[in-house]
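Here are some notes for a colleague who is opening this structure for the first time. Please read them with the model on screen.

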Amino acid sequence: MKRNIVIAAVTAAALIGGGTATALATTGDDEGSARQAADTRLSDDDGRGDQDGADAQDDRDDDARAVSADVTAPEAIASALKHTSGTAVSAELDDEDDSGKVIWKVDVLSGGNSWHSVSVDPSNGKVLGSHTDDEDDTAQVRAALKGASVTAEEAAKTAGGKGTVTSVDLDEDGKNKSWEAETHKSGGAEQDWKIDLHTGKVTADHDQDDDSDDQD
């Protein structure tokens, strides 16, 4: 028996959720495969749309966090150190655990190798609480900071010239140890910076940019 040949004489393009569908000329045996391929293309297009939406939402969330903070990173660090003496090693503006409230989280290394995570209110700079943390890189941190003349607070102030600082952290790994800061501008992308531990010089952190490209 001869196979029935089905020819699609009309080509249609329909916009469905950001994807396109194209009518195809197929044989009767291949009709199901062609339909499946078209559905796969539509599904892939929808997936890209979802990812784009997620990225845009992340940018809006970061923008909201930066705008909502009246207290800057240097001010949050200073407040945390008044509450808990020691050396500030990092500060991050982030969502509080188990709630939607945004706070500054400042990690402080005190005497006796004890670590403290201090929570600071971004609206008024008051300490909301603190707790002890266990870290396994204390020796590395102390070695990296030995002889350093630029503190986390000073690094955050310097990086503030590039935008709103949403985090500052010590990079104690590798040969070129430094402070790392993340800045955010309203309506713009986040940027990463390195601040020299001795001179305070700010340079773009291309390593972080490369990491982001690899993840895309």
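Which residue in the turn of the β10 and β11 hairpin has a positive phi?

1. **The β10-β11 hairpin.** The residue is Gly187, with a positive phi of about 80°. Bear in mind that this is a predicted model. Six residues lie between β10 and β11 in this hairpin. Strand β10 covers residues 178-184, and strand β11 covers residues 191-196. The two run antiparallel and are joined by six bridges. To find one of the pairs, start at Thr183: its bridge partner in β11 is Gln191.

2. **The β11-β12 hairpin.** Follow the chain onward from β11. Strand β12 takes up residues 202-204. It pairs with β11 over three bridges, again in the antiparallel sense. Here Lys194 stands opposite Thr203 of β12. These strands also form a hairpin, with five residues between them. Its turn holds Gly200, which has a positive phi of about 80°.

3. **Asp205.** Now look at the loop between β12 and α5 (206-215), where Asp205 is found. Is Asp205 buried or exposed? Asp205 is buried, yet it has no salt bridge. Lys194 is the nearest side chain of opposite charge, at 4.1 Å. A salt bridge needs a side-chain nitrogen of Lys or Arg within 4 Å of a carboxyl oxygen, so the pair does not count as one. Not counting residues up to four places away in sequence, Asp205 touches Glu180, Asp192, Trp193 and Lys194.

4. **The sheet.** Both hairpins belong to an open sheet of eight strands. Its order is β8-β7-β6-β5-β9-β10-β11-β12, and the pairing is antiparallel. The edge strands are β8 (127-133) and β12, each of which pairs on one side only. On average, neighbouring strands of this sheet are turned by 30° against each other, direction ignored.

5. **The β8 edge.** Go to the other end of the sheet. Strand β7 spans residues 115-120 and runs antiparallel to β8. Six bridges join the two. Val118 is a useful marker, with Ser130 as its bridge partner in β8.

6. **Two helices on the sheet.** Helix α2 (residues 73-83) packs on the sheet and touches β5 (87-95), β6 (102-109), β7, β8 and β9 (164-171). Its direction makes about 55° with that of β6. Helix α4 (residues 152-159) packs on the sheet as well. The strands touched by α4 are β5, β9, β10, β11 and β12. The direction of α4 makes about 135° with that of β9.

7. **Ser85.** Where is Ser85? Ser85 sits in the loop between α2 and β5. Its relative accessible area is 58%, so Ser85 is exposed. Leaving aside neighbours within four places in sequence, Ser85 is in contact with Val108 and Ser110. Compare Ser85 with His116: they are 31 residues apart in sequence, and their C-alpha atoms are 9.7 Å apart in space.

8. **The chain as a whole.** Five helices and twelve strands make up the secondary structure. Of the 216 residues in the chain, 32% are buried. Among contacts with a separation of 6 or more, 43% involve residues 24 or more positions apart. The accessible surface comes to about 13,200 Å². Carbon and sulfur atoms account for 46% of that surface.

Terms used
Residues are numbered from 1 along each chain as its sequence is written. This is a predicted model: local features need pLDDT of at least 70, side-chain atom pairs count only at pLDDT 80 or more; totals for chains, interfaces and linings use all residues. Side-chain values use heavy atoms; hydrogens and water are left out. Two strands pair if DSSP finds at least two bridges between them. Helices (H or I, at least four residues) and strands (E, at least two) are DSSP runs, numbered from the N terminus. Buried means under 20% relative accessible area, exposed over 50%, partly exposed in between (1.4 Å probe, protein chains only). Lys and Arg count as positive and Asp and Glu as negative; His and the chain ends are not counted. Contact means heavy atoms within 4.5 Å. Axes are lines fitted to C-alpha atoms, for helices over the stretch in contact, and angles run from 0 to 180 degrees between N-to-C directions. Accessible areas come from the Shrake-Rupley method with a 1.4 Å probe; for residues, only the protein chains shown count as cover.
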